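Biologist: I am new to this structure and would love a close look at one part of it. Could you walk me through the place where the two chains meet?

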There are 2 protein chains.
Amino acid sequence: MSEEKTLDPQLAQLLKRDANGLVCAVVQDADTERVLMVGWMDDTALARTLSEGVVTFWSRSRREYWTKGLTSRHFQLVRSVSLDCDGDALLVRVKQVGAACHTGSYSCFDSHQLAAVVGEKVPEGGTDSQSES
Amino acid sequence: MSEEKTLDPQLAQLLKRDANGLVCAVVQDADTERVLMVGWMDDTALARTLSEGVVTFWSRSRREYWTKGLTSRHFQLVRSVSLDCDGDALLVRVKQVGAACHTGSYSCFDSHQLAAVVGEKVPEGGTDSQSES
């Protein structure tokens with residue numbers, strides 16, 4: 001596969017990349033709705049993911065393009081891709097072939113469940129100065 | 001709410017923070033399974049999220065802690081929190097009160113659906129040198 005794909009300029013304008021030129025990509029199984037993993041994409045990785053039918057990330061540790069499944073055959077077949085409201089995160093919905101995690105787990109989030117207090121009701125009290133939703 | 005909560009040292013050891021001391025946090029609606037948004041947490045934001053029942057992020061733009069909903073009342077009540085296999089991403093499953101997105105949309109990923117080729121079948125061909133799954 002070529003690594004020279006370029007992104008549609010209108011889409012490229014919407015992206016808010018980090019200091020390394022990357023946006024994070026959340027991968028969700030479109031059949032089970034499970035969140036499988038988080039990867040990173042630069043413009044080329046996104047252009048390849050949008051055009052090749054399988055998910056390609058930028059590997060921050062290896063500093064190379066990484067088409068998920070080329071080694072393991074655990075490909076992620078693209079179902080849909082959306083960009084978030086402020087342009088710095090992608091949601092990639094896929095058909096996951098085999099396990100998503102390199103440990104063999106179905107999801108990368110299967111290994112470490114953290115102890116958390118479950119929120120039962122909305123807190124009372126005032127607002128603050130934030131302009132967020 | 002206090003901003004001085006500290007993280008369990010064993011958990012703190014598992015976190016692989018970026019250059020700004022942050023890990024990304026994917027927020028998923030535990031009822032609908034929809035992915036709602038991506039935020040960022042430092043150790044304190046995670047400690048607060050784990051102990052207070054509502055989600056608190058670190059706002060990279062405002063450089064302050066940001067308890068989702070304090071202004072809008074659109075709180076995210078914590079259902080569960082898990083850490084991914086390499087320690088640099090969190091999955092926070094919530095009961096979402098109202099809209100998650102500051103635009104008023106339910107999900108931050110509702111606004112920009114990208115044109116993507118749907119992957120129909122696993123590519124043929126060889127492996128490469130990658131050690132990933």
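Modeller: Happy to! One term will help at the start: two strands pair if DSSP finds at least two bridges between them. Please keep in mind that this is a predicted model.

With that term in hand, look at strand 5 of chain A, residues 76–83, which is joined to strand 7 of chain B by 3 bridges, the two strands running antiparallel. One residue to find there is A:Ser82, whose bridge partner in strand 7 of chain B is B:Gln113.

Now step back to the whole contact. Chain A brings 71 residues to the contact, and chain B brings 71 residues as well. The size of an interface is often given as the accessible area lost when the parts come together. Between chain B and chain A, about 5,900 Å² is buried, and carbon and sulfur atoms give 60% of that area.

Next come the polar links. There are 18 residue pairs in polar contact between chain B and chain A, counting pairs with both residues at pLDDT 80 or more. On the side of chain B that touches chain A, the elements giving two or more residues include helix 1 (9–14), helix 2 (43–52) and strand 7 (112–114). Strand 5 of chain B gives the most to that side, with 7 residues. Sorted by class, the side of chain B that touches chain A holds 36 nonpolar, 21 polar and 14 charged residues.

Finally, 2 salt bridges are found across the interface of chain B and chain A. A:Asp88 forms a salt bridge with B:Arg60, where the closest N and O atoms are 2.8 Å apart.

Technical notes. Residues numbered from 1 in each chain as written. Chains lettered and ligands numbered in written order. Predicted model: local features only at pLDDT ≥ 70, side-chain atom pairs only at ≥ 80, totals over all residues. Heavy atoms only, no water. Contact = heavy atoms within 4.5 Å. Buried area = accessible area lost by both parts, 1.4 Å probe. Salt bridge = Lys/Arg side-chain N within 4 Å of Asp/Glu carboxyl O. Polar contact = N/O pair within 3.5 Å; in protein donor to acceptor, adjacent residues only side chain to side chain. Helix = DSSP H or I, 4+ residues; strand = E, 2+ residues; numbered from the N terminus. Nonpolar A, V, L, I, M, F, W, Y, C, P; charged D, E, K, R; others polar.
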